[in-house]
Amino acid sequence: MAEYVPFLGGDRITRKASVAITGGQAVFISGDGTVAPTTAATVAYLGIAAADTAVNDNVTVYTENFQKATASGAITAGDALETAAAGKLAKHTVGTNDYLIVGVALNTVADGGTVQFTAVR
């Protein structure tokens, strides 16, 4: 995905890419002023990258409101979501480490589909 357009608006922030990023990937704070695609569930989730970005280039990250991302596994509308490998989002098991929840799914998708979600942090 060369450029990412959020499902519906959202605040954004610019950070430096510590590794190559693909537009639409979930990213986390990887260092002082840097972000990288998520590799697992993390409390350091920042948002969704706006565009393909090379290492050490600046990337815009959408941080709230209504977003979309690639699903890791099947997701049902209403599921709580957490970050996953390759900058994707996965269903979160509520009641276990709930501080990792980053949003709630707005639609139902199969693995690899585009999940729309409302960001909760």
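This section describes the fold of one protein chain and then three of its loop residues. The structure is a predicted model.

The chain contains 10 strands and 0 helices. From the N terminus on, the order of elements is β-β-β-β-β-β-β-β-β-β. The radius of gyration is 13 Å, close to the 14 Å that the globule rule gives for 121 residues, so the chain is as compact as a globular protein of that length. Taken along the principal axes, the C-alpha atoms fill a box of roughly 35 × 25 × 25 Å.

Burial and contacts were computed for the whole chain. Of the 121 residues, 43% are buried. Among contacts with a separation of 6 or more, 55% join residues 24 or more positions apart. The chain exposes about 5700 Å². Carbon and sulfur atoms supply 51% of that area.

An open sheet is built from 5 strands. Their order is 6-10-9-7-8, and the pairing is antiparallel. Strand 6, residues 66–70, lies at one edge, and strand 8, residues 89–91, is also an edge strand. Each of these edge strands pairs on one side only. From one strand to the next, the twist averages 45 degrees.

Within this sheet, strand 9 pairs with strand 10. Strand 9 covers residues 103–105, and strand 10 covers residues 114–119. The two run in the antiparallel sense and are joined over 3 bridges. In this pairing, G103 of strand 9 stands opposite A119 in strand 10.

A119 also takes part in the surroundings of T63, being one of the residues in contact with T63. T63 sits in the loop between strand 5 (58–62) and strand 6. Despite this loop position, T63 is buried: its relative accessible area is 18%, and the cut-off for burial is under 20%. Neighbours within four places in sequence were left aside in listing the contacts of T63. The remaining partners are D11, R12, I13, L46, G47, A119 and R121. A further distance places T63 relative to A26. These two residues are 37 residues apart along the chain, and their C-alpha atoms are separated by 9.9 Å.

N65 lies in the loop that also holds T63, between strand 5 and strand 6. The phi angle of N65 is near 75 degrees, a positive value in a residue other than glycine. At 31% relative accessibility, N65 counts as partly exposed. T63, by contrast, is buried.

N56 likewise has a positive phi, near 70 degrees, and is a residue other than glycine. N56 belongs to the loop between strand 4 (45–49) and strand 5. With a relative accessibility of 52%, N56 counts as exposed, because the cut-off for that class is over 50%.

The three loop residues therefore fall into three accessibility classes: T63 is buried, N65 is partly exposed, and N56 is exposed.

Technical notes:
Residues numbered from 1 in each chain as written. Predicted model: local features only at pLDDT ≥ 70, side-chain atom pairs only at ≥ 80, totals over all residues. Heavy atoms only, no water. Pairing = 2+ DSSP bridges. Helix = DSSP H or I, 4+ residues; strand = E, 2+ residues; numbered from the N terminus. Axes fitted to C-alpha atoms, helices over the stretch in contact; angles between N-to-C directions. Buried < 20%, exposed > 50% of the residue type's maximum accessible area, 1.4 Å probe, protein only. Contact = heavy atoms within 4.5 Å. Rg over C-alpha atoms; globule rule 2.2 N^0.38 Å. Areas by Shrake-Rupley, 256 points an atom, 1.4 Å probe, with all protein chains shown as cover.
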